[in-house]
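Visitor: I would like to learn how to read a protein structure, one feature at a time. Please take me through some examples.

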Amino acid sequence: MKAIRRFTVRTVLPEPLVPLRELAQNLRWSWHPETRELLQSVDPGGWQAAGGDPVRLLGAVPAERLDALARDRRFLRRLGAVAEDLTDYLTNPRWYQAAQGDGAELPSAIAYFSPEFGITAALPQYSGGLGILAGDHLKAASDLGVPLLGVGLLYRHGYFRQTLSREGWQQEHYPVLDPHELPLTLLREDSGVPAPVVLSLPGGRSLRAHIWKAQVGRVPLLLLDSDVEENNQSEREVTDRLYGGGSGHRLLQEMLLGIGGVRAVRAYCRITGHPAPEVFHTNEGHAGFLGLERIRELISVPSGSGGGLGFDAALESVRAGTVFTTHTPVPAGIDRFDRELVARHFGDDDGELPGVDVARVLDLGTETYTGGDPQVFNMAVMGLRLAQRANGVSILHGAVSRKMFAGLWPGFDPEEVPITSITNGVHAPTWVAPEVMRLGTRQIGVQRTEDALAVGGAARWEAVADIPDSAIWELRRTLREQLVEEVRTRLRASWRQRGAGLVELGWTDQVLDPDVLTIGFARRVPSYKRLTLMLRDPERLTGLLLHPERPVQIVVAGKAHPADDGGKRLIQELVRFADDPKVRHRIVFLPDYGMAMAQRLYPGCDVWLNNPLRPLEACGTSGMKAALNGCLNLSVLDGWWDEWFDGDNGWSIPTADGYSGSDPDRRDDIEAAALYDLIENQVAPRFYDVGERGLPERWIEMVRHTLVTLGPKVLAGRMVREYVEELYAPAARAHRSVDPQAARELADWKAEVRRQWGRVAIDHVETGSVGGTPELGSSLALRVQVTLGDLDPRDVDVQVVAGRVDESDSIADPAVVSLKPAGRPDLDGRWLYEGPLSLDRTGPFGYTVRVLPAHPLLASPAELGLIAVPAETAGMTAGLLR
């Protein structure tokens with residue numbers, strides 16, 4: 001018989017063991033070895049049965065075991081020390097507090113919104129890189145003391161669990177997650193009732209949600225859950241699963257995340273006294289509606305004696321404190337909704353955001369650029385229009401993003417589009433194997449090792465250079481051996497799920513070899529990541545796997561989206577190859593790739609393979625996690641590898657970019673051949689090239705170089721520090737500057753500039769003579785006549801843009817100098833601007849002039865998307881926020 005209702009009965013801990021509750025509820029245990037080891041020692045067998053989840057563990061420990069531990073003085077001493085360490089971690093000043101003490105104008109709090117968070121396998125609320133990055137962002141912020149507040153959704157089925165059919169076809173399973181069995185607490189009002197979040201839906205319906213809190217070290221993570229009794233069945237299913245359902249379902253999820261998320265933040269701050277965020281960070285466009293809710297707040301709530309703000313002033317106030325991060329290198333990866341669907345959910349009649357003009361909402365998501373579809377609502381476009389600061393997640397991805405979204409800033413070269421980049425990082429304490437951590441501790445001590453992994457800094461990593469070759473090689477062999485055992489266990493379980501009997505599986509005991517060069521490949525399986533590039537020439541791959549002197553073994557894992565049959569076919573193709581008895585001891589596919597598997601896979605591999613279509617990999621952080629464990633990267637120069645490959649920390653796979661359009665098969669053939677050549681002629685020989693001491697000394701030197709040079713770069717601590725210094729702090733200063741009065745004035749100024757911009761023109765450009773041939777170091781006197789309409793010279797910046805030119809007269813790497821107004825306008829209303837043009841480069845040289853809007857509260861001169869240029873290249877005027 002099935003139960004009609006399910007609930008969880010909590011264990012009552014004996015008084016001496018009460019600190020275990022906080023240790024289990026604070027997810028710091030997932031990256032703090034001492035806490036994890038203590039929790040595991042409560043019941044080692046139960047720990048394994050609970051999948052390493054201490055909340056489930058404590059719910060299942062027999063009472064007699066708890067009573068015994070409550071009398072165990074040695075255990076109680078350990079418990080006291082670990083609990084005291086957590087208190088110290090949560091309360092003592094860290095990097096952020098020290099920076100505040102040095103006078104930095106840092107925000108009092110930052111709200112970080114993401115559709116998924118990968119904190120630990122015990123809280124499966126992630127599907128891939130976006131969620132893992134978000135989880136690492138929170139954990140690194142905690143380690144640094146950054147006052148972050150995470151906001152997401154609680155998916156009752158999470159993402160899917162993956163198995164394989166006998167034929168190798170991906171099958172999805174959606175286990176039900178009970179939040180009472182997870183490391184979560186329900187946010188309640190002082191009266192004890194759950195704090196509500198309510199959204200209005202068309203037809204007079206409501207979408208209600210509860211707020212669950214996960215404590216990620218010092219960072220609270222709020223997760224909204226629509227599976228509450230007050231909702232109808234359709235509304236209860238809004239947070240059923242990650243990235244499931246049709247467009248209507250996705251729209252409701254994103255409304256709950258953005259609009260409901262802001263309301264959850266307000267409730268949490270009101271109930272707990274947490275500082276209100278000054279900065280809101282939108283991690284991808286899924287949470288973009290948060291800006292609309294904040295506009296509604298400013299419109300409907302009186303601000304001082306002047307009353308509520310108008311839409312334009314509220315928009316300026318919201319933009320000032322908003323940061324938008326894009327992770328998408330292709331337009332197809334962006335959520336786009338039918339405009340009519342969006343319109344039905346907003347407005348005064350019976351939708352959300354009463355008092356906010358629906359037409360203005362729709363304008364924010366309209367693709368106004370050439371090639372855009374005016375009938376769709378683009379979440380990334382809205383995200384960019386609602387944020388004054390935006391970034392990509394690697395230098396190359398920043399360049400790709402500027403080009404992809406350049407249509408929002410017409411007239412500007414892609415290089416000047418106001419999207420910067422902060423390269424992703426990974427949370428080293430989560431991803432570095434305990435054995436690697438212990439080796440570092442022996443070398444430089446516990447505190448320096450923790451600082452090196454959390455904060456970074458090249459000096460802390462230089463000590464790795466002194467670790468003996470034998471210690472590095474012994475470590476690498478140990479990690480590889482652990483991976484071999486893990487693979488065999490998982491492979492046997494997979495084959496049992498595929499219908500094989502135990503008698504058929506004796507061969508799995510011989511799968512992989514701890515002394516063979518091991519290559520890892522694990523990630524999501526969209527087509528651009530090219531899971532099966534290694535199969536382009538099966539005979540060549542087989543030869544590498546079975547080489548008599550320098551064999552190679554490959555471990556592969558990955559999930560295809562449930563609706564992506566093309567990705568599932570790629571997995572099946574790989575599985576069928578790996579099922580061949582001739583090679584199945586050298587290549588395996590492991591189903592159900594997730595955090596628990598990844599934490600064994602990255603350290604155990606010698607080489608991490610990544611072969612996407614360049615430049616479609618925004619960052620690709622899996623290779624960073626591998627590098628932190630002494631694994632070398634073999635990758636296409638895409639994402640982070642494009643900026644940090646130096647020739648000695650791994651290998652770059654040559655790309656055939658010229659074949660990407662007309663003949664993708666030809667491109668794949670060329671790049672696969674290059675991959676085979678690298679493995680056969682460079683990677684494998686270096687691994688097996690043993691010197692007089694019996695060690696592959698050149699390989700070990702590459703491992704050491706990787707750790708010393710990449711270690712401090714790939715850290716999430718470095719990434720979060722850059723967010724604080726380059727984006728959060730400027731956004732907080734802007735937020736404080738754009739008070740209600742300043743917001744009104746800025747909105748009025750922008751409106752006037754847009755009205756007048758059609759009258760702005762460059763009428764005449766005059767260059768003084770240099771007397772003979774222009775020479776390096778000389779200068780030209782420039783005089784430019786400009787018509788400004790009714791604008792004041794303080795409203796504009798007249799610039800000369802100069803530099804070396806190519807055959808088409810395009811200026812490369814330009815230098816920009818502002819000219820100064822000379823006197824008053826002439827009788828025709830034209831202003832004269834003057835200034836020198838320095839000839840600071842040899843060779844073909846050119847210049848042009850332009851006029852841009854100028855205001856002290858603009859984050860970028862391109863912010864309005866307005867530019868005036870000389871008549872021969874005129875016609876490029878449009879507005880980002882038009």
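**Strands, helices and cores**

Guide: Start with one pair of residues: G152 has L223 as its bridge partner in strand β10. Bear in mind that this is a predicted model.

Visitor: How do strands of a sheet pair in general?

Guide: Strands pair through backbone hydrogen bonds, and the pairing is either parallel or antiparallel. Here β4 and strand β10 (residues 219-225) run parallel and are joined by four bridges. Strand β1 (residues 110-113) also runs parallel to β4, again with four bridges. Within that pairing, Y112 has G150 of β4 as its bridge partner.

Visitor: How many of the residues of strand β4 are buried?

Guide: Six of the six residues of β4 (residues 148-153) are buried. L148, G150 and G152 point one way, while L149, V151 and L153 point the other way.

Visitor: Where can I see antiparallel pairing?

Guide: Look at the open sheet of three strands, in the order β26-β25-β29. Its edge strands are β26 (811-818) and β29, each of which pairs on one side only. From one strand to the next, the twist averages 25°. Strand β25 (residues 796-805) pairs with β26 over six bridges, in the antiparallel sense. For one position to locate, V801 has V816 as its bridge partner in β26.

Visitor: What span should helix α30 have, and why?

Guide: Helix α30 (residues 740-756) has 17 residues, and at 1.5 Å a residue it should span 24 Å. The C-alpha atoms at its ends are 24 Å apart, so the expected span and the model agree.

Visitor: Which residues of α30 are buried?

Guide: The general idea comes before the list. An α-helix has 3.6 residues a turn, so residues three or four places apart point the same way. In α30 the buried residues are A742, A743, L746, A747, W749, K750, V753 and Q756. They pack against α12 (311-320), α29 (716-737) and β29 (845-853).

Visitor: Which residues touch the most other members of the largest nonpolar core?

Guide: Nonpolar side chains in soluble globular proteins tend to be buried together. The largest nonpolar core has 102 residues, and M534, I554, L634 and W699 touch the most other members. The element that gives the most to this core is helix α21 (residues 469-497), with nine residues. Another core, of 66 residues, lies apart from it and includes L13, L17, A140 and Y728.

Visitor: Which residues does L634 touch?

Guide: Leaving out residues up to four places away in sequence, L634 touches V607, W608, L609, N610, W651, I653, L675, L678 and I679.

**Cysteines, loops and backbone angles**

Visitor: How many disulfides are there?

Guide: A disulfide needs two cysteine sulfur atoms within 2.5 Å. By this rule the count is zero. For C619 the closest cysteine sulfur is in C631, 16 Å away, which is too far for a bond. For C631 the closest cysteine sulfur is in C605, at 5.7 Å, and this is also too far for a bond.

Visitor: Is C619 buried or exposed?

Guide: C619 is buried, with a relative accessible area of 3%. C631 counts as buried too, at 0% relative accessibility.

Visitor: What is G321 in contact with?

Guide: G321 is in the loop between α12 and β12 (322-325), and counts as buried because its relative accessibility is 0%. Apart from neighbours within four places in sequence, G321 is in contact with E278, V279, F280, A731 and H735.

Visitor: Which peptide bond is cis?

Guide: Most peptide bonds are trans, and most residues other than glycine have a negative phi. The bond from R614 to P615 is cis, with omega near 5°. P615 is in the loop between β20 (607-610) and α25 (622-627).

Visitor: What is the phi of Y243?

Guide: Phi of Y243 is near 55°, a positive value in a residue other than glycine. Y243 lies in the loop between α9 (233-236) and α10 (247-272), and counts as buried at 16% relative accessibility. L353 is another residue other than glycine with a positive phi, near 60°. L353 sits in the loop between α13 (339-344) and α14 (358-364), and counts as buried at 0% relative accessibility.

How values were computed:
Residues are numbered from 1 along each chain as its sequence is written. This is a predicted model: local features need pLDDT of at least 70, side-chain atom pairs count only at pLDDT 80 or more; totals for chains, interfaces and linings use all residues. Side-chain values use heavy atoms; hydrogens and water are left out. Helices (H or I, at least four residues) and strands (E, at least two) are DSSP runs, numbered from the N terminus. The expected span of a helix is 1.5 Å times one less than its number of residues. Buried means under 20% relative accessible area, exposed over 50%, partly exposed in between (1.4 Å probe, protein chains only). Contact means heavy atoms within 4.5 Å. A nonpolar core is a set of buried Ala, Val, Leu, Ile, Met, Phe, Trp, Tyr and Cys residues joined through side-chain atoms within 4.5 Å. Two strands pair if DSSP finds at least two bridges between them. Axes are lines fitted to C-alpha atoms, for helices over the stretch in contact, and angles run from 0 to 180 degrees between N-to-C directions.
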